[in-house]
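Please open the structure in your viewer and keep the sequence at hand. The tour proceeds by selection, one stop after another.

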Amino acid sequence: MLRKLFLALAALFIAAFAGLMLTKTLPYYTFEKGIHFLTTKSDETNDNPVFRAGFYVHITTSLLVLVAGLLQFLPVLARRGPGLHRQLGKCYVVGILALAAPSGLVLARFANGGLAAQVGFTLQCLVWWLCTWRAYRAARQRQWSLHVDWMLRSFAVTLAALALRGESYVMYYVFETKPIETYLTVTWLSWVGNLVLVEILLEVGLGRYFLREFMPDLRAKLAV
């Protein structure tokens with residue numbers, strides 16, 4: 001019961017974050033250059049068509065895969081049958097492999113903070129892509145335990161956007177670190193920390209829990 005309550009609260013928190021990100025993302029669709037994050041970029045970067053294409057693809061698809069990924073772990077939807085699960089999974093996988101991760105690599109090339117930030121964001125996108133690909137391959141091979149484990153790893157990297165903002169707030173306002181120190185730290189901590197946490201959770205049985213409690217009917221139907 002406590003585990004289900006914790007997961008429900010986590011899902012609500014992620015859903016609230018997705019709603020917040022939507023409100024933060026909408027102003028960018030005026031396609032003006034002097035908005036929020038874009039003000040940190042030079043005129044040359046803002047005028048670069050590769051950067052602008054990567055930016056708009058990334059902010060759009062990252063939000064969509066965040067929502068699709070969250071819905072994958074809701075038992076109410078999982079128990080509705082394999083059809084909905086497959087469609088959500090396809091949206092999530094295609095969104096990351098074809099759009100969100102590649103566009104993230106484009107943005108990594110233009111990242112503020114020099115080489116340390118560029119390498120950090122580049123590795124994040126590569127790990128995100130690989131975890132998602134492994135989850136997809138495991139599903140195709142009907143290895144459901146591996147599929148769940150790799151999906152959890154992939155979603156942990158998807159949640160790096162949430163972790164980055166939360167960690168930035170704590171470091172800057174609680175520990176009073178300098179902006180550049182905060183930025184370079186969370187560039188790595190946001191996704192590496194999430195992966196370390198999910199590995200710990202997998203070791204204590206989170207993947208098995210999802211298979212046992214959330215997806216027994218779905219697993220049986222997919223195996224047919």
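Begin with two helices of this predicted model. Select H85, Y92 and I96 in α5, and then H147, M151, S154, F155 and T158 in α7; these two groups of residues meet one another. By class, this contact of α5 with α7 comprises four nonpolar residues, four polar residues and no charged residues.

Next, display both helices in full: α5 covers residues 82-109 and α7 covers residues 144-158. Their axes come within 13 Å and cross at roughly 50°, which makes α5 oblique to α7. The crossing of α5 past α7 is left-handed.

Now move to helix α3, residues 49-72, and select T61 within this helix. Is T61 buried or exposed? T61 has a relative accessible area of 10% and is therefore buried, the cut-off for buried being under 20%. To see what T61 touches apart from its neighbours within four places in sequence, add G95, L99, A100 and S103 to the selection; T61 is in contact with these residues.

For the final stop, select helix α6 (residues 114-140) together with helix α9 (residues 179-203). The axes of α6 and α9 lie 9 Å apart, at an angle of about 20°. Because of that angle, α6 counts as roughly parallel to α9. Here, too, the helices pass in a left-handed crossing.

Which residues of α6 and α9 meet? On the α6 side, select A116, A117, V119, G120, F121, L123, Q124 and V127; on the α9 side, select Y183, L184, T187, W188, W191 and L195. The contact of α6 with α9 contains 11 nonpolar residues, three polar residues and no charged residues.

Definitions and conventions:
Residues are numbered from 1 along each chain as its sequence is written. This is a predicted model: local features need pLDDT of at least 70, side-chain atom pairs count only at pLDDT 80 or more; totals for chains, interfaces and linings use all residues. Side-chain values use heavy atoms; hydrogens and water are left out. Axes are lines fitted to C-alpha atoms, for helices over the stretch in contact, and angles run from 0 to 180 degrees between N-to-C directions. Helices (H or I, at least four residues) and strands (E, at least two) are DSSP runs, numbered from the N terminus. Angles under 35 degrees count as roughly parallel, over 145 as roughly antiparallel, 65 to 115 as roughly perpendicular and the rest as oblique. A crossing is left-handed if the near helix is turned anticlockwise from the far one by less than a right angle, and right-handed if clockwise. Contact means heavy atoms within 4.5 Å. Ala, Val, Leu, Ile, Met, Phe, Trp, Tyr, Cys and Pro count as nonpolar, Asp, Glu, Lys and Arg as charged, and the others, Gly among them, as polar. Buried means under 20% relative accessible area, exposed over 50%, partly exposed in between (1.4 Å probe, protein chains only).
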